[in-house]
Amino acid sequence: MTEQKTPWRLINVPSFCDWRGTLSVLEKGLLPFSPKRCYWIHRIPTGATRGRHAHKKNDQLLICMQGECKIFLCTEHRAQQAEVHLRTPDEVLFIPRLVWHEIHGCTKETLLLLLASEEYDPQDYIQEQERYL
């Protein structure tokens with residue numbers, strides 16, 4: 001049986017380590033889009049869930065810069081679903097448009113950096129859970 005390809009994927013970021021620390025590089029060739037917006041989520045209360053939506057046009061890259069979190073992902077009607085555990089900035093999660101995502105299981109140190117393919121547009125959000133869950 002062939003494993004079905006998911007629309008989301010993890011991108012391994014090249015990192016260079018020496019006695020001074022680690023330098024991780026995210027360049028144009030690795031990015032599936034050119035970011036138009038950058039934002040971060042931090043000071044997340046214990047037990048809080050973020051996201052709980054999909055986007056019509058916006059693609060996103062999620063990087064857990066510090067701490068850890070889990071991201072539940074699914075396509076419409078749960079045709080495909082997964083949970084990804086992020087705990088290092090060397091891995092970037094690509095979340096394409098039309099994929100439902102929920103961020104949970106964050107530690108008090110969690111710092112999430114997000115890069116978006118589009119500028120903020122409240123009309124871009126899909127919040128009808130029944131379409132996905």
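Here is a walk through this protein chain, from its overall build down to a few single residues.

Before we start, keep in mind that this is a predicted model, where local features need pLDDT of at least 70, side-chain atom pairs count only at pLDDT 80 or more, and totals for chains, interfaces and linings use all residues. Residues are numbered from 1 along each chain as its sequence is written, and side-chain values use heavy atoms, with hydrogens and water left out.

Let's begin with the big picture. The protein chain has 12 strands and 0 helices, where strands are DSSP runs of E with at least two residues, helices are runs of H or I with at least four, and both are numbered from the N terminus. Its C-alpha atoms fit a box of roughly 50 × 35 × 35 Å along the principal axes. The radius of gyration is 15 Å, which agrees with the value near 14 Å for a compact globule of 133 residues; it is taken over C-alpha atoms, and the globule rule is 2.2 Å times the number of residues to the power 0.38.

How much of the chain is tucked away? Of the 133 residues, 35% count as buried, meaning under 20% relative accessible area, while exposed means over 50% and partly exposed is in between (1.4 Å probe, protein chains only). Now look at who touches whom, with contact meaning heavy atoms within 4.5 Å. Among contacts with a separation of 6 or more, 80% join residues 24 or more positions apart.

Next, head inside. In soluble globular proteins, nonpolar side chains tend to be buried together. Here the largest nonpolar core has 17 residues, and those with the most contacts inside it include Leu62, Cys69, Leu73 and Leu112. Such a core is a set of buried Ala, Val, Leu, Ile, Met, Phe, Trp, Tyr and Cys residues joined through side-chain atoms within 4.5 Å. At least two of its residues come from each of β6 (60–66), β7 (69–74), β8 (81–86), β9 (91–95) and β11 (111–116), with β7 giving the largest share, 3 residues. A second, separate core of 9 residues includes Val13, Leu31, Phe94 and Leu115.

Zoom in on leucine 73. Setting aside neighbours within four places in sequence, its contacts include Trp8, Val84, Leu93, Ile95 and Trp100.

Now step into the loop between β7 and β8, where you'll find threonine 75. Is threonine 75 buried or exposed? It counts as buried, because its relative accessibility is 12%. Leaving out residues up to four places away in sequence, threonine 75 touches Pro7, Trp8, Gln80 and Tyr132. Arginine 78 is also found in the loop between β7 and β8, but at 39% relative accessibility it counts as partly exposed.

Arginine 78 has a backbone quirk too: its phi is near 55°, a positive value in a residue other than glycine. Most residues other than glycine have a negative phi. Arginine 43 also has a positive phi near 55°. You'll find arginine 43 in the loop between β4 (37–42) and β5 (50–55), and it is exposed, with a relative accessible area of 73%.

Finally, visit arginine 52 in strand β5. This residue is partly exposed, at 44% relative accessible area. Not counting residues up to four places away in sequence, arginine 52 touches Trp100, His101 and Glu102. From arginine 52 to valine 84 is 32 residues in sequence and 15 Å in space, C-alpha to C-alpha.
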